[in-house]
Amino acid sequence: MLQVNFIRDNKEQVLAGLQTRNYKGEQLAIVDKVLALDDQRKSTQTKLDSILAANNKISKEIGGLYKQGKREEAEVLKAQVESQKGKVKELEEEMRQVKAQLTDALLDIPNVPHPNVPPGNTDEDNEVFQDWGNDLPDMGEGAQPHWELGKKYNLFDFELGVKIAGAGFPLFRGKGARLQRGLINFFLDEAHKAGYEEFMPPLLVNEDSARATGQLPDKEGQMYHATKDNLYLIPTAEVPVTNVCRDVILNEKDFPIKMTGHTPCFRREAGSYGKEVKGLNRVHQFEKVEIVQIVHPEKSYEALQEMLNHVEGLLQQLELPYRILTLCGGDLGFTSALTYDFEVYSAAQKRWLEVSSVSNFETYQSNRLKVRFKGGDKKTQLAHTLNGSALALPRIIAALLENNQTAEGIRLPKAIQSYVGMEIIS
RNA sequence: GGAGGAGUGGCAGAGCGGUUGAAUGCACUGGUCUUGAAAACCAGCAUAGGCGAGAGUCUAUCGGGGGUUCGAAUCCCUCCUCCUCCGCCA
């Protein structure tokens, strides 16, 4: 969430940001609401503090009087403090409520989009930041989609997944399982080379962690919830990995913090069915390698570019046609200031598939995470956080299979042949 | 899962109802001394929030939450975590 003081000092900028996100009319009133609640919070605290200060002072006097044996005088003062108790309780309750309302209101305000975020309403308005050009692969008439190829080469089995768990839980087997394992290792090795520390985090997280990275309360329905122990299955490694730095005050010298991790990701994807989700296009459980950076505020857009280059390098090594989109105001994630999506062309489905999303959250996430650092001036301030997929597996596998199908089998790109242990899947 | 013990500042560790936001040591930062370093000495060293132009001052925080009390790090309840023993187990 945004900091109240930032909103107060940059109200026009925040309002303009909301407009980029297509907030109109009454929806913009949220900003004034936040400021009003904050004013109320302050005045309530001033009242409360002055009573508490007076009470504390008297209590100390009582201590002194008891030592001197002046019981009666002490009793008088006791009664005096006691008489304020109701008022204190009342103000404390008011404080609790105002704070809760303020937090709720702040949670309703999305991040301020970066000036480069194009206007627009839907994914159709996303701006192509980097195009592939016209020579998209044409596999001809007989090209098979990945779900057919998976069956043909016995790489994965959706029916068995349904039997064991349910729809959207694919079962990888044989060469399909090896392909997936090889890709994960390839991605992790590349991240390692780029200076990211590798993590193997818990796959279930507690409420505090889910709240800190913003999955709660906004995306409650999208996560699997182990209610008995009140733990959530992670929808992305971003959650456990970013939480490494929760409530930490870093030293400026620690920057940049670069973390990576491979995890399965669990998403309920409630309400999405149909063609768009066929095969591996959208599943409840998938593998992903995530990269996270925590950096000095002045360096975050450099870091974003670096992450962009990293993801681009992966796709080039995989020899897949890709394009990069700048998400428009309407499609931009609630917590993000600037997001680039990577899409890979699926030759048989004849459509672009999103395989990575790289975002700069600036201080929006770190404010809730309380990731701060001390700069040269000894002041603590919020760090910037960024993350991106590098990469998500299922759609990469879909594109690899579809784009590389030949009569002899599926020819793997050079970069991963040693990882998978074969040149061709036949 | 059962029984017992413990959680205090970056770390170690006092305090166990009254001016204690918290002794002391270490670490860290600045200074004195020194050609330089070490040692020694002096000073500083938590976070968040309110009020204030500022100096500053007030409030909250001793694992989390709640309670008792004029007053809680200290007493009570509850949750969490760690340690020891027993049981179970990949």
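Here is a walk through the RNA-facing surface of this protein and then its internal cavity. Keep in mind that the model is predicted.

Let's start with RNA strand B. There are 21 residues around the strand, and Arg41, Gln45, Thr46, Ser59 and Lys374 come nearest. If you want one element to look at, pick helix α3 (29-67): α3 gives the most to this surface, with twelve residues. Helix α4 (71-107) and strand β14 (372-374) each supply at least two residues as well. By residue type, the surface near RNA strand B divides into six nonpolar, six polar and nine charged.

What part of the RNA does the protein sit against? Of the atoms of RNA strand B within 4 Å of the protein, 77% belong to sugar or phosphate, and the rest to bases. A few side chains let you see this in detail. Gln45 places a polar side-chain atom 2.4 Å from a sugar or linking oxygen of RNA strand B. Two other side chains go with phosphate oxygens of the strand: a polar atom of Thr380 lies 3.1 Å from one, and a polar atom of Glu82 lies 3.4 Å from one.

Now for the cavity. Searching the whole structure for cavities of 30 Å³ or more turns up one, with a volume of about 40 Å³. Its lining is made up of Met1, Ala212, Thr213, Gly214, Thr335, Tyr364, Gln365 and Arg368. Helix α11 (residues 364-369) supplies the largest share of that lining, three residues. Sorted by type, the cavity lining has three nonpolar residues, four polar and one charged.

Terms used: Residues are numbered from 1 along each chain as its sequence is written. Chains are lettered from A and ligands numbered from 1 in the order in which they are written. This is a predicted model: local features need pLDDT of at least 70, side-chain atom pairs count only at pLDDT 80 or more; totals for chains, interfaces and linings use all residues. Side-chain values use heavy atoms; hydrogens and water are left out. On a 1 Å grid over the protein atoms alone, a cavity is a set of points where a 1.4 Å probe fits but cannot get out, and a pocket is an open set with protein on both sides within 12 Å along at least five of seven lines; lining residues have an atom within 4 Å of a point. Grid points are joined across faces, edges and corners, and a volume is the space filled by probe spheres set on the points. Helices (H or I, at least four residues) and strands (E, at least two) are DSSP runs, numbered from the N terminus. Ala, Val, Leu, Ile, Met, Phe, Trp, Tyr, Cys and Pro count as nonpolar, Asp, Glu, Lys and Arg as charged, and the others, Gly among them, as polar. A residue is near a molecule or strand if one of its heavy atoms lies within 4 Å of it. A polar contact is a pair of N or O atoms within 3.5 Å; within protein, one must be able to donate a hydrogen and the other to accept it, and residues adjacent in sequence count only if both atoms are side-chain atoms.
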